[in-house]
Amino acid sequence: MTTFVDRVVLHVAAGNGGNGCASIHREKFKPLGGPDGGNGGRGGDVILVVDPNTTTLLDYHHHPHRRATNGRPGQGSHRHGADGEDLYLPVPNGTVVKTMDGEVIADLVGAGTRFVLARGGRGGLGNAALASPKRKAPGFALKGEPGESGDFVLELKTVADVGLVGYPSAGKSSLISVISAARPKVADYPFTTLVPHLGVVEAGDTRFTVADVPGLIPGASQGKGLGLEFLRHIERCAALVHVIDCATVEPDRDPISDLDVIEAELAAYGGLADRPRLVALNKIDVPDARELAELVKPDLEARGLRVFPISAKSREGLRELTYAMAELVEQARRSRPPEEPTRLVLRPRAIGEKGFTVTREGDRFRVRGEKPERWVRQTDFGNDEAVGYLADRLARLGVEDELRAVGARPGDEVVIGEGDDAVVFDWDPSVAAGVEHRLGPRGGDLRLDQYREHHEEHEEQ
């Protein structure tokens with residue numbers, strides 16, 4: 001038997017980008033054939049896709065760690081690395097994606113809806129792509145970027161038109177089993193329904209879904225009993241049906257007090273006050289229950305509720321109830337705004353915005369920004385020319401000017417980035433005093449040689 005799981009923590013990692021290749025074309029009689037290193041491939045994305053055939057998050061409960069493939073490195077002769085394969089993860093309709101702090105980042109409704117949960121890293125440029133009129137034969141390539149990774153909460157909220165609410169053993173499972181093809185477990189003890197069940201009901205020309213979900217007890221909105229395990233699944237319902245047991249033998253219970261208790265729990269949970277209600281007084285096949293239903297029906301109607309005495313066992317009153325459900329569903333559908341194609345909103349950076357920040361943290365200065373941090377990740381710090389190229393890019397971006405503006409002096413400690421990816425160095429403007437500097441031997445940079453000579457002379461003095 002398939003187990004229903006409606007909440008999991010998913011650990012995902014997109015693929016890393018492949019490294020670019022530093023290669024020089026070699027051919028007989030062509031000793032200086034030029035750079036021909038290819039670019040690295042893009043890392044694969046991790047993508048959630050709503051799949052109508054997926055009804056539970058069980059697979060992610062058993063296998064919570066998912067990783068896309070990495071991009072392949074570039075090669076010589078202008079051969080680019082292959083992109084990593086995207087990883088598609090099927091999820092049920094109605095899946096909500098949250099951060100570990102509870103922030104909702106996606107609400108996936110509708111077959112085929114996609115959401116990129118983690119993006120793959122960009123592939124590094126090979127030295128062929130880095131060549132320029134001033135740097136005709138780069139002796140370095142850029143590294144691929146790491147893919148995004150993180151921990152997310154997937155939470156399933158059942159997508160149904162009508163939700164059946166009521167005490168345990170009120171007859172909700174029996175009701176859905178006779179008005180639809182659903183076959184939930186039915187027994188004469190509480191909490192036989194431990195997971196939501198969906199049934200498709202047809203009333204005239206209207207077809208709609210009904211959710212049979214775990215029963216409520218006092219304190220459910222605070223987690224008592226099955227509590228939130230139930231309430232989460234009626235948030236999307238267009239209408240609610242109170243299924244009330246008129247044949248209960250429990251003391252201190254009657255249809256009016258049962259209704260009041262369930263309504264109090266719905267109010268405590270919040271967000272459900274606008275849902276229209278119907279009341280189904282169940283089990284009128286029992287003589288005493290029929291008498292009780294006839295007794296309380298006027299009081300419930302005085303509250304503005306539509307009341308239907310029914311019997312899930314004999315099927316009495318079910319036609320009237322299902323047509324009343326269909327009426328509410330049609331009203332809800334007509335009131336919904338027409339669906340429009342999803343619009344992509346482009347938010348270009350404001351004119352004059354630098355795209356990075358420089359802040360002072362005690363005796364050090366920290367540079368933050370998408371470009372500087374990405375460039376640091378792409379740099380091979382074992383190659384002097386690559387380090388010089390990074391310095392040129394930072395200078396062009398205006399990082400040096402901003403460091404001067406906030407009071408940085410040569411020799412001050414500068415940090416680019418956060419966490420394990422951060423790079424710390426002593427700032428010396430002479431290492432990157434602009435662009436288009438004369439390069440040294442392959443893999444070298446004359447500015448760095450001058451930098452080392454300067455410090456060696458200083459140490460000798």
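A salt bridge here is a side-chain nitrogen of Lys or Arg within 4 Å of a carboxyl oxygen of Asp or Glu. Helices, of at least four residues, and strands, of at least two, are DSSP runs numbered from the N terminus. The model shown in these views is predicted.

**View 1. Lys297 and Glu301 pair within helix H6.** The side chains of Lys297 and Glu301 form a salt bridge, with 4.0 Å from N to O. The two residues lie 4 apart in helix H6, so about one helical turn separates them. Lys297 is partly exposed, at 26% relative accessible area. Glu301 is also partly exposed, at 39%.

**View 2. Arg303 meets Asp260 in a salt bridge.** The N to O distance is 2.7 Å. This pair joins distant parts of the chain, 43 residues apart. Arg303 sits in the loop between helix H6 (287-302) and strand E14 (306-309). Asp260 belongs to helix H5 (residues 255-269). Arg303 has 44% relative accessibility and counts as partly exposed. Asp260 is partly exposed as well, at 36%.

**View 3. Arg277 and Glu263 join a strand to helix H5.** Their side chains meet in a salt bridge of 3.0 Å, N to O. Arg277 lies in strand E13 (residues 277-282), and Glu263 lies in helix H5. The partners are 14 residues apart and link distant parts of the chain. Is Arg277 buried or exposed? Arg277 has a relative accessible area of 15%, under the 20% cut-off, and is therefore buried. Glu263, at 25%, is partly exposed.

**View 4. Four charged side chains share a network.** Salt bridges link Glu361, Arg366, Arg368 and Glu418 in this network. The structure as a whole holds 28 salt bridges.

**View 5. Confidence varies along the chain.** The mean pLDDT of the chain is 82. Of its residues, 81% reach 70 or more. Strand E3 (residues 65-67) has the highest confidence, at 97. Helix H11 (residues 446-460) has the lowest, at a mean of 50.

**View 6. Two stretches fall below a pLDDT of 50.** One covers residues 184-194, where the model has 28 contacts beyond near neighbours in sequence. The other covers residues 432-443, with 31 contacts beyond four places in sequence. Where pLDDT is low, predicted coordinates should not be read in detail.

Technical notes
Residues numbered from 1 in each chain as written. Predicted model: local features only at pLDDT ≥ 70, side-chain atom pairs only at ≥ 80, totals over all residues. Heavy atoms only, no water. Buried < 20%, exposed > 50% of the residue type's maximum accessible area, 1.4 Å probe, protein only. pLDDT = per-residue confidence, 0-100. Contact = heavy atoms within 4.5 Å.
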